[in-house]
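Reader: I'd like to go through the domain interface and any internal voids. Can you take me through them?

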Amino acid sequence: MTDFQSVKTVAVLTGAGVSAESGVPTFRGKDGLWRQYRVEDLATPEAFHRNPALVWEWYDWRRELIANCQPNQAHLTLAEMEKALPDFTLITQNVDGLHRRAGSQKVVELHGNLWDVRCVAEGTVREYRRVPLPEIPPRCQCGALLRPNVVWFGEPLPAEAIAAAQEAATSCDLMLVIGTSGVVHPAASLPFWAKQGGAYLIEINVQRTPISTYADEVILGPAAVEVPRLWAKWRQAVE
Ligand code: BV8
């Protein structure tokens, strides 16, 4: 049982499962993300170099889908927790931007955000929310290709994001791990570092994962139900 009274610093790691009830398909679930492709085949610099139009078709499809999705009770509760708790860091692997739309301010986006684009020549990043894209692949004024400002397989995570995530994971008293299959590194090692740092580890997922083997508590259920339920218990315990 969690001793909420003694919790001072909280870190949360979310994956695609936290957005599932908003209608955003997960990566490795039965519905799979897109046609017959695997995320590992499309979300790579090589795939983009080989066929930028195909990779942008995938992102255009995801952007259009996500533009019509709303944050769910899990996103909204995490935004409420950030306001209520003195030291709270939300780390996400998701690129859908739903945590910010739910009102979370301090979000460490480990894998970037699919609403931002980056010029492959100049490296400049800007928000670009048009759906569907007027041209595929989109180009910068300089004429070079634009790419989604996300981290693809084989690419390093943004230095400041991974540093902030590691700092939060190794110094927190409690880490909540919500809706991740725990297979993509280095994000998947953050719960391990939290545990190593002495944190109490709670996992919320609809099924067990490699993280379940060392979590202190595994709550099996949908995030949109279990995150609000946990926060209600937490508030009651500290009142
Ligand atoms: C790097 C952005 C080095 C793009 C993504 C062998 C072993 C270990 C590692 C590797 C290896 N070979 C290669 C690697 C490294 C590789 C990696 O980890 N590969 C894996 C596949 C083995 N990692 C990398 O390449 C990373 N970079 O290592 O760089 C480096 C260093 C210096 C210089 C050069 C290089 C980059 C990884 C980032 C890849 N980008 N996304 C985009 O999204 O468009 S990853 C992609 O997977 C998403 O970000 C996603 O978030 C992430 C993880 O997936 P999950 O979020 O966990 O989603 P998933 O569908 O898997 O699971 C959903 C979960 O939710 C399930 O558990 C399900 O049960 C649960 N669920 C479902 N519904 C609900 C629910 N839970 C609660 N409620 C519900 N309703």
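**Between the domains**

Author: The count of residue pairs in polar contact between domain 1 and domain 2, both at pLDDT 80 or more, is zero. A polar contact here is a pair of N or O atoms within 3.5 Å; within protein, one must be able to donate a hydrogen and the other to accept it, and residues adjacent in sequence count only if both atoms are side-chain atoms. This is a predicted model, where local features need pLDDT of at least 70, side-chain atom pairs count only at pLDDT 80 or more, and totals for chains, interfaces and linings use all residues. Residues are numbered from 1 along each chain as its sequence is written, and side-chain values use heavy atoms, with hydrogens and water left out.

Reader: How many salt bridges between domain 1 and domain 2?

Author: Zero, taking a salt bridge as a side-chain nitrogen of Lys or Arg within 4 Å of a carboxyl oxygen of Asp or Glu.

Reader: Where are the bounds of the two domains?

Author: Domain 1 is 4-24 + 70-111 + 157-238, and domain 2 is 32-68 + 116-150. These bounds come from an automatic or database domain assignment.

Reader: What area do domain 1 and domain 2 bury between them?

Author: About 550 Å², with 59% of it on carbon and sulfur atoms. Buried area is the accessible area (1.4 Å probe) that two parts lose on being put together, summed over both.

Reader: Which three residues supply most on the domain 1 side?

Author: Val24, Val95 and Arg101 supply 49% of the area that domain 1 buries against domain 2, more than any other three residues.

Reader: Switching to voids. What volume does the largest cavity have?

Author: About 110 Å³. A cavity is a set of points on a 1 Å grid over the protein atoms alone where a 1.4 Å probe fits but cannot get out, and lining residues have an atom within 4 Å of a point. Grid points are joined across faces, edges and corners, and the volume is the space filled by probe spheres set on the points.

Reader: Which residues lie nearest its centre?

Author: Val24, Pro25, Phe27, Arg62 and Asp96, out of 13 lining residues.

Reader: And why does the largest cavity lie between the domains?

Author: Because domain 1 and domain 2 both give residues to its lining.

Technical notes:
1 Å grid on protein atoms, 1.4 Å probe; cavity = no way out; pocket = protein on both sides within 12 Å on 5 of 7 lines; lining within 4 Å.
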